[in-house]
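Work through the exercises below with the sequence and the coordinates open. Each task is followed by a solution in steps.

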Amino acid sequence: GLWKNRFSELLSEVIMYAVIKTGGKQYRVATGEKIKVEQIAADVGQEIVLDQVLAVGNGAEIKVGTPLVSGATVTVTVISHGKHDKVRIFKMRRRKHYQKRQGHRQQFTELQIGAIAG
């Protein structure tokens with residue numbers, strides 16, 4: 001009924017999106033978005049073409065790869081490199097006089113999503 005019509009209206013206005021795989025993780029991206037991914041060895045301002053595209057959607061239609069969509073690419077620009085917030089690791093064995101503290105900051109690359117082709 002009403003909700004289905006509203007939903008299809010929203011979908012028809014939606015810009016193209018893609019599901020990409022980088023750094024062992026999957027991200028749903030659309031043009032103009034900024035995402036933080038695992039560190040990529042590339043200079044700031046450099047354009048990279050990601051070819052591991054798992055799905056491409058445009059409004060209500062979607063192309064799902066098996067496992068990748070052939071010929072589909074996503075062009076991204078490297079904005080910056082950085083480190084996430086510190087994760088504190090604290091290990092302890094009760095009654096054994098054992099305490100161990102450790103910190104870790106995961107590195108990331110921030111990307112600006114450009115053209116989605118395919």
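**Exercise 1. The open sheet**

How many bridges join E3 to E10, and do the two strands run parallel or antiparallel? Place both strands in their sheet.

Solution. The model is a predicted one.

Step 1. E3 and E10 are joined by 5 bridges and run antiparallel. One register point is Glu38, whose bridge partner in E10 is Phe108.

Step 2. Go on to the other pairings. E7 and E10 run antiparallel, with 9 bridges between them; here Lys83 has Gln107 of E10 as its bridge partner. E4 is joined to E7 (residues 73-83) by 4 bridges, again antiparallel, and Leu50 is bridged to Val74 in E7.

Step 3. Assemble the order. The result is an open sheet of 4 strands, E3-E10-E7-E4, with antiparallel pairing.

Step 4. Find the edges. Strand E3 (34-38) and strand E4 (47-50) each have a single partner strand, so one side of each has no neighbour in the sheet.

Step 5. Add the twist. On average, neighbouring strands of this sheet are turned by 45° against each other, direction ignored.

**Exercise 2. Two hairpins**

Describe the pairing of E1 with E2 and of E8 with E9, and give the residue with positive phi in each hairpin.

Solution.

Step 1. E1 and E2 pair in the antiparallel sense over 6 bridges. Val19 has Arg28 of E2 as its bridge partner.

Step 2. This hairpin has 2 residues between the strands, and Gly23 takes a positive phi near 65°.

Step 3. Strand E8 (residues 87-93) pairs with strand E9 (residues 98-104) over 7 bridges, in the antiparallel sense. Phe90 stands opposite Arg101 in E9.

Step 4. The hairpin of E8 and E9 has 4 residues between the strands, and Arg95 takes a positive phi near 65°.

**Exercise 3. The nonpolar core**

Which residues have the most contacts inside the largest nonpolar core, and which elements give two or more residues to this core?

Solution.

Step 1. The largest nonpolar core has 20 residues, and Ala18, Ile20, Ile35 and Val74 have the most contacts inside it.

Step 2. Two or more residues come from each of these elements: strand E1 (17-22), strand E2 (25-30), E3, E4, strand E5 (53-58), E7 and strand E10 (107-117).

Step 3. Take Val74 as a probe. With its neighbours within four places in sequence left aside, Val74 is in contact with Ala18, Ile20, Ile48, Val49, Leu50, Val53, Ile113, Ala115 and Ile116. Leu50 is also the residue bridged to Val74.

Step 4. Set this against the whole chain. Of its 118 residues, 27% count as buried. Among contacts between residues at least 6 apart in sequence, 62% join residues at least 24 apart.

**Exercise 4. Rings and charges**

How many aromatic pairs does the structure hold? List the charged side chains that lie over rings.

Solution.

Step 1. The number of aromatic pairs is 0.

Step 2. Arg28 lies over the face of Tyr17, at 3.9 Å from the ring centre. Arg28 is also the bridge partner of Val19.

Step 3. Lys36 has its charged end over the ring of Phe108, 4.6 Å from the centre. Phe108 is also the E10 bridge partner of Glu38.

**Exercise 5. The whole chain**

What secondary structure does the protein chain hold, and what pattern does it follow?

Solution. The chain has 1 helix and 10 strands. Along the sequence, the pattern is α-β-β-β-β-β-β-β-β-β-β.

Note on methods: Residues are numbered from 1 along each chain as its sequence is written. This is a predicted model: local features need pLDDT of at least 70, side-chain atom pairs count only at pLDDT 80 or more; totals for chains, interfaces and linings use all residues. Side-chain values use heavy atoms; hydrogens and water are left out. Two strands pair if DSSP finds at least two bridges between them. Axes are lines fitted to C-alpha atoms, for helices over the stretch in contact, and angles run from 0 to 180 degrees between N-to-C directions. A nonpolar core is a set of buried Ala, Val, Leu, Ile, Met, Phe, Trp, Tyr and Cys residues joined through side-chain atoms within 4.5 Å. Buried means under 20% relative accessible area, exposed over 50%, partly exposed in between (1.4 Å probe, protein chains only). Contact means heavy atoms within 4.5 Å. Rings of Phe, Tyr and Trp (its six-membered ring) pair if their centres lie within 6.5 Å; planes under 30 degrees apart count as stacked, over 60 as edge-to-face and the rest as tilted. A charge sits over a ring if NZ of Lys or CZ of Arg is within 6 Å of the ring centre and within 35 degrees of the ring normal.
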